[in-house]
Amino acid sequence: SRFETHFLRARDKLAFFLLAFSPFLCFNYISIFQEGVFMSKKISAKTIAISGILIALSVLWTWFMPTLDLGLYWSFTPLSHIFIFFAMMISPAVAVLTAAGTVLGFFLKGANYVLLMRAASHIIFVVAGVLMLKKLNIVKPLQFLIFAVATALIHAVTETAAVYIAIAAGLSIPENGMLYIWGATFAGTIGHSLLDCTVAYLISRLILKAHVVDMPPLMKENH
């Protein structure tokens, strides 16, 4: 219809505006969010600029990457959480904003409301993850394993809860509901999260060695 055509055009224009100007839009807001919400020290302009690019990449990745759709309850977009885990290594505020960027990416992709609710639930495991990073030294293999497993479990629980809420609210009609919820959503999310976390961790170590950006959780001494 004409309305849908205008909507899609407006959506695309909004997307390109956000992608083009995200480093500049994020410059002040990341600083305010970082200092006001998480009570953390001010971060550098270089880190904020890289973070803006990271947020833009999270939108692009979820928007353009092919998705394996297993029904209303779960879909698999390869490495869709990787930028979130990168951001968690930089700062809490950047992590939350990058998670929000993935929601925007799925929206622009035309994801249904159940998938959007699941993507929005990422903010919960991100906040839990950045709080854990303050306590854990993930340079140590065992503590990294604890972090990866704990975030995967929280991630899976929150996404599964989003699906339950959608069903309870009548937003979706369950078809083989238990199989999707416990097989695809819960178990699938755990595996997906563990994979993305591990890949992001390994690449983050290389980025840190290249001195591209500071990643405080990876700069702790291993002793």
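In the predicted model, M88 is in contact with A95, V126, G129, V130, L133, F147 and P217, when neighbours within four places in sequence are left aside. M88 also belongs to the largest nonpolar core, a set of 32 residues, in which M88, V126, I138 and F147 touch the most other members. Two of these, V126 and F147, are thus among the contacts listed for M88. Five helices, α3, α4 (92–109), α6, α7 (141–168) and α8 (177–209), each supply at least two residues of the core. Helix α3 provides the largest share, 9 residues.

The packing of helix α3 (residues 82–90) against helix α6 (residues 122–135) was examined next. The two helices meet at an angle of about 35°, and their axes lie 10 Å apart. Their crossing is right-handed. On the α3 side the contact is made by I84, F85 and M88; on the α6 side it involves H122, F125, V126, G129, V130 and L133. By residue class, this contact comprises 7 nonpolar and 2 polar residues, with no charged residue. Of the α6 residues in the contact, V126, G129, V130 and L133 also appear among the contacts of M88 itself.

Aromatic pairing was then considered. A search of the whole structure returns 4 aromatic pairs. In one of them, the ring centres of W61 and F83 are 5.6 Å apart and the ring planes stand at 70°, so the pair is classed as edge-to-face, for which the angle must be over 60 degrees. This pair joins distant parts of the chain, since W61 lies in helix α2 (residues 45–64) and F83 in helix α3, with their positions 22 residues apart. The two partners differ in burial: W61 has a relative accessibility of 27% and therefore counts as partly exposed, whereas F83, with a relative accessible area of 10%, is buried.

F83 takes part in a further aromatic pair, with F86. The F83 and F86 rings are also edge-to-face, at 6.1 Å centre to centre and with 65° between the planes. Because F83 and F86 are 3 residues apart in helix α3, about one helical turn separates them. Both F83 and F86 are buried. Through these ring pairs, W61, F83 and F86 are linked into a cluster.

Helix α3 therefore recurs in each part of this description: as the source of the largest share of the core, as a partner of α6, and as the helix that holds F83 and F86.

How values were computed:
Residues are numbered from 1 along each chain as its sequence is written. This is a predicted model: local features need pLDDT of at least 70, side-chain atom pairs count only at pLDDT 80 or more; totals for chains, interfaces and linings use all residues. Side-chain values use heavy atoms; hydrogens and water are left out. Axes are lines fitted to C-alpha atoms, for helices over the stretch in contact, and angles run from 0 to 180 degrees between N-to-C directions. Helices (H or I, at least four residues) and strands (E, at least two) are DSSP runs, numbered from the N terminus. A crossing is left-handed if the near helix is turned anticlockwise from the far one by less than a right angle, and right-handed if clockwise. Contact means heavy atoms within 4.5 Å. Ala, Val, Leu, Ile, Met, Phe, Trp, Tyr, Cys and Pro count as nonpolar, Asp, Glu, Lys and Arg as charged, and the others, Gly among them, as polar. A nonpolar core is a set of buried Ala, Val, Leu, Ile, Met, Phe, Trp, Tyr and Cys residues joined through side-chain atoms within 4.5 Å. Buried means under 20% relative accessible area, exposed over 50%, partly exposed in between (1.4 Å probe, protein chains only). Rings of Phe, Tyr and Trp (its six-membered ring) pair if their centres lie within 6.5 Å; planes under 30 degrees apart count as stacked, over 60 as edge-to-face and the rest as tilted.
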